[in-house]
Amino acid sequence: MKEGMTIYTCPMHPEVRNEGPGSCPICGMALEPMGAPETADAPPDPELVDMKRRLVVASMLSAPLLVMSMGEMAVNPWIPFLLSSPVVLWAGFPFFERGYASLKSRHLNMFTLIAMGTGVSFLYSVVATLFPSLFPSAFQDHMGKVGVYFEAAAVITTLVLLGQVLELRARAQASGAIRELLKLAPKTASLLSSDGSEKEVDIGEIRVGDHIRVRPGGQIPVDGVLISGDGVVDESMLTGESMPITKRVSDQVSAGTTNQSGSFVVQAKVVGKGTILSQIVQLVSEAQRSRAPIARLADRAAEFFVPAVIAIAMLSAVLWGVFGPAPSFAYALVNAVSVLIIACPCALGLATPMSIMVAAGKGARSGILIRNAQALETLAKVDTLVLDKTGTITEGKPQVTKVSTLSHIDEDSLLAIAATVEKNSEHPLGRALVEAAQKRKLTSVAEAVSFQSLNGLGVIAQVAGQRIAIGNEALMNQEGITKVPASEGGLIFISVDGVLAGAFEVSDPVKRTTVQAVRQLKAQGLKLIMVTGDTNAVAERIGKAVGIDEIRAGVMPDKKSEVILELKKKGFVVAMAGDGINDAPALAAADVGIAMGTGTDIAIQSAGLTLVGGDLRGIVRARILSRATLKNIRQNLFFAFAYNVVLIPIAAGALYPIFGLLLSPMISSVAMSFSSVSVILNSLRLRSLKLEVA
């Protein structure tokens, strides 16, 4: 495909790819551009513009035809012919084009039925007008005239066009969540120059390292860190958390969030498409095109639907032609057309993708990033939730609360050595040691070399020719140290050349929302299991404090996935929530992986769902959204199936022997259009879904 070319895809069949706009070769629907839009200013949809133009012309010409038919006026048949021809042949041309394409590709769809219905009505009427003598008495009424159906063909075409316009508008509303997110990104920024001057520049001119001033009420244009000033930032658009957050020097901020008060300067760390906001927009775009497993039900039904409808229409025509009242063949034609027009596989196909599209946008506005529809569907079935401790239940920002020396080395020297080694580590415990040394204004004693990070144990390095090991009791055992002090808190030990030199007591505070979230998750019927590499004493203390059902301590990161697999073998449907640092194998092993994204370290690629604010209450909201989406899909499928089960027999004339009622093809076209629009409107109800729990 050509570089820079916009690729279009079908909302019902995402495997379809096309260079430029067009229609789906499988279902005939208008294709939509793939990928996230660049800006919030949506260009006019060419399909919608074209359909609206055709609808205007068709409406103007069909209106007098409808008046003539309702008033039963004696009209020269050439007048309906002249009025209906532009409607059917020009305004309705896309339907014939797509109907023909469906026959060529052998993917029969709603346009196959529409083209057949309107085409047969119009051609029959043309022949009846030009050569009435060709028709036998079975086609003639009691006055010997052969009925024509120009007005039916024209009005049906107009109503189908109206349905297409309403559908295209509703589809645009469903995907509007992406443009709402894009509106959060400012178009300009106040760039500070090295000489202290300030100028307003286009957001595209900002580079990593630039300094940007953000004033009260202004939106933050980049992902970055505060280097001066402070403010109160509204991050609800990212995290779903309604309370604004106070930001001070060294705190991270994200593009699209709003500074409510105060003034500060941000150093840009990530710009353009790398920002969290841009990643969210891209993820929502991908999620809206993904398919849920429940969609397979609609796919299987659609394979047989259109052939079955054509068969029913032909059977109806035969039965009316043989057993119907005079003019029997005219009745046969009208009822066959009604069956073809009223059947709408489009509603069946839209049932799942429309709900997923709306749900993905709803989730993004609430801090829930859905990577694919399968994860959203599976989450509703989860009965067991496995939680990592650090960064999930706790803040993931441990602090050193006590330094104990067990050798001739004093506390400050011990902490300085530890900070020298841990400067090379990304682990939260390592950062805690570095921050503790910085608070005491300690300087590095020397450079650390031969640094090694041992997963689940700690780190080893050489400092000034000495072997330094920092980690847990298991690492000390590997260093030949068999006895270490016991403690109910978390201890990090340090050894020098194989001799235990001291210990650092650390505490990782529980997130303020964890207890509430645990209570709400248990109220949803979930079994909660905490899995951590910490000692049993630390795990028990934290687990009991927040109300966890089951605690598994001393589990190394590479063994967490084994816990997941064990639970799955027992028949549980398992979700795993972790911070994404050491939990990737476990997240992948779970039925649903949930990454706790925090700050600009959001790991949206590591799991089926990502909670932007790292708040466990996001899982509660995600479960509510998941259940509501599945319910919405089932409602859509029911509407689509029930609609056809009830109305196709009526269109075929099932009520005529009892009540003398027949369904006009024009009424059938109204019902057909309404079925698709009703599915879309039902899906749009998810936008107003309340995700918060008291």
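**View 1. A hairpin built from strand 4 and strand 5.** Strand 4 and strand 5 form a hairpin with 5 residues between them, and Gly196 in the turn has a positive phi of about 90 degrees. Strands here are DSSP runs of E with at least two residues, helices are runs of H or I with at least four, and both are numbered from the N terminus. This is a predicted model, in which local features need pLDDT of at least 70 and side-chain atom pairs count only at pLDDT 80 or more, while totals for chains, interfaces and linings use all residues. Residues are numbered from 1 along each chain as its sequence is written, and side-chain values use heavy atoms, with hydrogens and water left out. Strand 5 covers residues 198–202 and runs antiparallel to strand 4, with 5 bridges joining the two; two strands pair if DSSP finds at least two bridges between them. Look for Leu191, which stands opposite Lys199 in strand 5.

**View 2. Strand 4 with its partner strand 6.** Strand 4 is also joined to strand 6 (residues 211–214), antiparallel again, by 3 bridges. Here Ser190 has Arg213 of strand 6 as its bridge partner. Strand 4 (residues 188–192) is mostly covered, as 4 of its 5 residues are buried. Buried means under 20% relative accessible area, exposed means over 50%, and partly exposed lies in between (1.4 Å probe, protein chains only).

**View 3. An open sheet of 6 strands with a helix packed on it.** The strand order is 13-18-17-16-15-14, with antiparallel pairing. At the edges are strand 13 (399–405) and strand 14 (448–454), each of which pairs on one side only. On average, neighbouring strands of this sheet are turned by 20 degrees against each other, direction ignored. Helix 14 (residues 411–422) packs on the sheet and touches strand 13, strand 14, strand 15, strand 16 (466–471), strand 17 (490–496) and strand 18 (499–507). The direction of helix 14 makes about 80 degrees with that of strand 18. Contact means heavy atoms within 4.5 Å; axes are lines fitted to C-alpha atoms, for helices over the stretch in contact, and angles run from 0 to 180 degrees between N-to-C directions.

**View 4. Strand 14 beside strand 15.** Zooming in on this pair, 5 bridges join strand 14 to strand 15 (residues 458–463), and the two run antiparallel. Ser453 has Val459 in strand 15 as its bridge partner.

**View 5. Salt bridges in different surroundings.** The structure holds 19 salt bridges, each a side-chain nitrogen of Lys or Arg within 4 Å of a carboxyl oxygen of Asp or Glu. Lys381 meets Glu377 at 3.4 Å, N to O; Lys381 is partly exposed at 47% relative accessible area, whereas Glu377 is buried at 7%. Asp615 and Arg617 have their closest N and O atoms 2.8 Å apart, and both residues are buried. Lys570 meets Glu566 at 3.3 Å, N to O. Lys570 counts as exposed at 55% relative accessibility, and Glu566 is partly exposed at 32%. Lys570 and Glu566 also belong to a network of salt bridges with Lys527, Glu550 and Arg552.

**View 6. A nonpolar surface patch.** Leu315, Val318, Leu319, Val322 and Phe323 make a patch of about 530 Å². Patches are made of residues with over 30% relative accessible area and no salt bridge, with like charges joined within 9 Å and nonpolar side chains (Val, Leu, Ile, Met, Phe, Trp, Tyr) within 5 Å. Accessible areas come from the Shrake-Rupley method with a 1.4 Å probe. Leu319 sits in helix 9 (residues 295–323) and counts as partly exposed at 42% relative accessibility.
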